[in-house]
Amino acid sequence: MKQDKRILTFTLHLLGRFMIFFAILLLIGFALQSKMNDSLNREVEKFSTHQGEMLAFVYHNLLQTEIAELSKTATLIAAEKITPANGVQSISDKGQLGGLLDINGQSIWGVALPAEAKLQCARTLQGEPNWRYYKDVGLVVMVPVYQGTTVRYVLCKLHTDSSLRDKSSPFQFADKKDEENILLYDTRTQQVVVPFENYTSSPFYDADKDSPLGLDQLLSKLDNAQEAAIFDPKINADYVLYASPIPDTNFIAIGYREWRSVVTGITNIHLIVLWVFGLLVVLFCVFILYAFTNQVAAEESTALREARDEALRANQAKSDFLAHMSHEIRTPLNAILGMNEMIMREASGKLKKYAFNIKSAGETLLSIINDILDFSKIESGKMEIVPVSYSLSSVLNDVYNMVHYKAGQKGLAFHMNVDPDIPDALIGDEVRLRQVVVNILNNAVKYTPKGSVTFTVKSQGTAENDTLELEFITQDTGIGIREEDKEKLFAKFQRLDIEKNRNIEGTGLGLAITVKLTEMMQGSISVDSIYGEGSTFTIRIPQQVEKYDPIGDFNTRIEAALKEEENYQESFTAPQANILVVDDNDMNLTVVESLLEKTRIHIHTSSYGKDCLQMIEDNHYDIVFLDHMMPEMDGIETLQRAKNLINSKCKDTPFIALTANAVAGVREMFLAKGFNDYLSKPVDGKTLERMVQKYLPPEKIEAAGEKSAEATTESTPAETPSPADQQIDLPTAMQYCGNNEDMQKKFLTIFVSRREAVTKQLENDLNTDNINDYTTHVHALKSTALSIGGIKLSEAAKALEMAGHAYCDGPEEEKADNLQYIKEHHGEAMELYAKLADEAQSRFGIS
Ligand code: ADP
C-alpha cells in the first residue's frame, strides 16, 4: 500500500516535469516556426520583387516593339513608299485600329480618337513616341511621321478595351497553371488597362475601391522603391502581391502569384526543418517516456527490493530461530537417548520395553529435528554442497544397512541392483547424496504396507569430462500417489492422502529437502506412480569420476551378506574380549554390534577418528575396526596417528580396515598402510566372526555354548577342540534344520550312531574292490555330513566320490591313480568322522 502511494506520487511528479518540458519545447517550436515564416516571407517578397521587375521588362519590351513597328510604317509613309491609307491599313487588325492624325490631332485616316488624345498627340509632335490609356476607349500608341526633320503627321494605333481583354492579346499573360494573375494598371487614369480574365469576379478585385486588391500598399511601397512585393496574409493569405512600374509609361504591372508556387523548393526546406524539429520533439517525448518508465521501474524495483529484503530478513530470522532451536533441542535429546541406551543395557523385562519405546520415539523426534534443521539451513542459504572424494560402494553399503533392516521389520522384500560397471571412486557430496537416496528409500518403505522395494543404481550416459550421471531408481509396491497430488508432493510440510497415512509418522519435509538438495547438486528428481499400485522415484545426480575402476558385483556381495545374516549362529564366545569399532555411520556400528552380539564380546563404538585416538589412550582393545572413509580424519590417517600415540594402550592391537571398496588391490593397499587386515562392507557375519576369531588372543576365545569363567564356575571340558579345529559348523547345521536346535541335535545323534555301520560298509566296498558301491555310499556320506555341519568331512567325502566316479566312468589309464587316491584318503575321511563324533559328544553331549 505504502509502495503504491510512493509510486503514484513519483509518477505525478515526473508527469508534471514532463509537461513543463513539453510546454517549453512547444514554445521554442512556435517561436522557431514564426521566425522561419518571417524569413521565409521576406524571401518570398524578394523573389516576387524580381518577378515584378521581369514583368515590367516584358511589358516595356512589348510596348517598344509596338512603337518600333509603328515607327517603321511611319517611315514608309514619310518616304511615300506607301500611301498613308495603306500605312494605316497595314497596322490595323481586329480590335487594333490604325489612324493618321494631323498636327492638330484631327483624324486624317482611320480611327478617330477622343478629344483628350490631343495632348498625347502634341507630345508626339515633339518627336516622342508614347503611350496613353483612355478610359472605356483603350490603349493608344503614337509615333511621329516626319517630312524631313519636321513632324507632319502622327501615326496612331488604338488597342480597344475589348481587344486588350481578349485572351489572344499580346498584353495578356495567362498562366496555364492558374498560379499567377497579371494586370496592367494605369496610375494616371487609375484604371486597369489590361485586366486578367474574370478580374472583377476574382478575389483580386477590391469592389469597395473598384481597384485591384492591395493596390494602396503596393503603390505606397513603390513610392520608395523601384519594385514592390507584399505577402500579407491579411490581404490574401494564399497569394503574394507584386508590382513594378513600366519605364516611360504611367503603367505599372501588377501580379498576384500563389504563395505556394513561389515557395516551392523553399517550403521543402521549411518543411524539412519543421519535420526535423517535429522529429526532435517526438524523440524527446520518447526519451522522456523511456526515462520515465525506467525511473518508475527503478522506483518499483527499489520498492520491491526493500519488500524482498524485508521478507528475506523475516525469513532469515525464522530460519535462524529454527536452526537455533533445532540445535538446542538436539543436544539434550542426544543426552536422553544416550542415557536411555545405558538403561537398555542394564534393564530387563518391562523396563527394557519402556526404554525401547523411549528410544524409538526419541529417534523419530531426532529425525524430525534434523529435517527442520536441514530445511532451515537450505532456506537461509547456509546449506552448502561440499564435494569430496568418496567411494560409491561405501555409500550404497550404508544405504543398504539403513534400509534393509527397516524393510525387513515390515516384512517387505528389499532388492538392490547395482550396475557393476559404475566407477567406484567418485567426487561429490557424499553426505547429501546418501541423504537424498535414503530419504526416498525410507519413504518407499514407509508408504508400502506389503510387497517389495526395489532399488536400482545405474550410471547414465558416457563419462564426458570425467563426469557421469548417477541414476537412483526406487520402485515400491505401496499405496501410490494420486495424479492430482503429484504437484503438491515436493512442497514443504505437505503430506498427501492424510486419511490413509494418519498412522504413518512424517512432517512432509523429507521430499522438500530431497528436492532442494538434489537441485543444489545439479540433479533432478521425477516421480511416476499409479494410485494403489506403487510409485517409482528417479533421482539423477551428476558426479565427477575420480577413478574408472568399476564398483563390481555389489549385488552378490549384498545377497551373500543377507544370507549369512539369516543363517548366522555364533561359533564362539569371548566375553573377556574388548573390541573397538569406528565408523561414521551409526547404522554400520549397529550392524557390527548386532552381528557380534551373541559372541558376548564387549564392543565399543566411535564415529570419529579423533574420538578413536582418545579411546585407545584410555582403554586396551583386542581388535580395532577402522572405517576407511570417514569425514575429517579418515581411517588411514587415524591409524597412522594411533601408531604414533605414546600413551596408547593398544600398541600391539591389530587394526582391521572396514571398506566398501572391494576392488582388486585394496587388500595390498591397506596392508601397506599398516592395517593387519581388511573387511569388506556390507559386513557378513561369518567373515566378521572368523576375522575376530583370527585376531583375538586365543585365551579369550571360548567355544559357543561354553559358559565363561565370568558367567559360570563349571570348568570347560579339556577335550573340546579349539574353534579352529572344530568339525561341526553350527550355522551350517542350523541352516539345514531350519534353525531348530532340537532338530539339529536329533540329526547329529543319528549321524553319530550310524558311524560304525557306515565305516564298515565303506571298508567292505573297498576290500571287495566294489568301487561303484563305494562311490554311492561315499556320496551319501557327503550330504549327511554337510547337513549336520560337518563341512570338512563332507569335503573329504566329496573328493573320494569324485575319484570313484573317475575310476568307474573315466579313461582306463587313470583308473589306477584314482583307486590309489581312494585307498590313501579313505582313512583320513574316517578319522574326520571319528573326530566329529567326539566333538558331538564333547560339544553337544551326544554319544
Ligand atoms: P513425510 O515426512 O510425510 O514422509 P515427505 O516430504 O517425505 O514427508 O513426503 C511427502 C508426502 O508424499 C508423504 O506424506 C506421502 O503422502 C507422499 N509420499 C512420499 N513418498 C511416497 C511413496 N513412495 N508412496 C506414496 N506416497 C509417498
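User: Leaving aside neighbours within four places in sequence, which residues is Asp371 in contact with?

Analyst: Happy to start there: Asp371 contacts Thr507, Leu509, Gly510 and Ile513. Please keep in mind that this is a predicted model. Asp371 itself belongs to helix H9, residues 349-379.

User: What makes you say that Asp371 has no salt bridge, and which side chain of opposite charge is nearest?

Analyst: The nearest side chain of opposite charge is Lys446, and it is 7.1 Å away. A salt bridge needs the nitrogen within 4 Å of a carboxyl oxygen, so Asp371 has none, although it is buried.

User: How many salt bridges are there by this rule?

Analyst: The count comes to 20.

User: What makes Glu66 and Lys157 a salt bridge?

Analyst: Their side chains meet with N and O 3.3 Å apart. The limit is 4 Å, so the pair qualifies. Glu66 is in helix H1 and Lys157 in strand S5 (residues 150-160), so the bridge ties together parts that are 91 residues apart in sequence.

User: Why are Glu66 and Lys157 classed as they are, buried or exposed?

Analyst: Buried means under 20% relative accessible area. Glu66 has 10% relative accessibility, so it counts as buried. Lys157, at 7%, is buried too.

User: How do you know that Arg434 forms a salt bridge with Glu430?

Analyst: The closest N and O atoms of Arg434 and Glu430 are 3.6 Å apart, and the cut-off is 4 Å. The two residues are four apart in helix H11 (residues 430-446), so about one helical turn separates them. Both Arg434 and Glu430 are buried.

User: And what makes Arg540 and Glu471 a salt bridge?

Analyst: Here the closest N and O atoms are 2.7 Å apart, which is again within 4 Å, so the pair passes the test. Arg540 lies in strand S19 (residues 534-545) and Glu471 in strand S17 (residues 467-476), so parts 69 residues apart in sequence are tied together. Arg540 and Glu471 are also linked with Lys458 in a network of salt bridges.

User: Why do Arg540 and Glu471 get the accessibility classes they do?

Analyst: Partly exposed covers the range between under 20% and over 50%. Arg540 has a relative accessible area of 28%, so it is partly exposed. Glu471 is at 4%, so it counts as buried.

User: Why is H22 called roughly antiparallel to H25?

Analyst: The axes of H22 (residues 755-767) and H25 (residues 815-844) come within 11 Å and cross at roughly 175°. Angles over 145 degrees count as roughly antiparallel, and that is why H22 gets this label relative to H25.

User: Which residues make the contact of H22 with H25, and how many of them are nonpolar, polar and charged?

Analyst: H22 contributes Arg755, Val758, Thr759, Leu762, Glu763 and Leu766. From H25 come Ile822, Lys823, His826, Met830, Tyr833, Ala834 and Ala837. By class, eight residues are nonpolar, two are polar and three are charged.

User: What is Asp725 called on accessibility, and why?

Analyst: Asp725 has a relative accessible area of 48%. Exposed requires over 50%, so Asp725 is partly exposed. It sits in the loop between strand S26 (702-703) and helix H20 (730-736). Not counting residues up to four places away in sequence, Asp725 touches Lys792 and Glu839. Asp725 and Glu839 are 114 residues apart along the chain, with their C-alpha atoms separated by 9.9 Å.

User: Where is Glu80, what stands out about its phi, and why does it get its accessibility class?

Analyst: Glu80 is in the loop between helix H1 (2-78) and helix H2 (84-91). Its phi is positive, about 55°, although Glu80 is not a glycine. At 64% relative accessibility it is over the 50% limit, so Glu80 counts as exposed.

User: Where is Ser529, and why is it classed as it is, buried or exposed?

Analyst: Ser529 lies in strand S18 (residues 524-530). Its relative accessible area is 9%, which is under 20%, so Ser529 is buried. Leaving aside neighbours within four places in sequence, its contacts are Gly480, Ile481, Lys486, Gly534 and Ser535.

Key. Residues numbered from 1 in each chain as written. Predicted model: local features only at pLDDT ≥ 70, side-chain atom pairs only at ≥ 80, totals over all residues. Heavy atoms only, no water. Buried < 20%, exposed > 50% of the residue type's maximum accessible area, 1.4 Å probe, protein only. Lys, Arg positive; Asp, Glu negative; His and termini not counted. Contact = heavy atoms within 4.5 Å. Axes fitted to C-alpha atoms, helices over the stretch in contact; angles between N-to-C directions. Parallel < 35°, antiparallel > 145°, perpendicular 65-115°, else oblique. Nonpolar A, V, L, I, M, F, W, Y, C, P; charged D, E, K, R; others polar.
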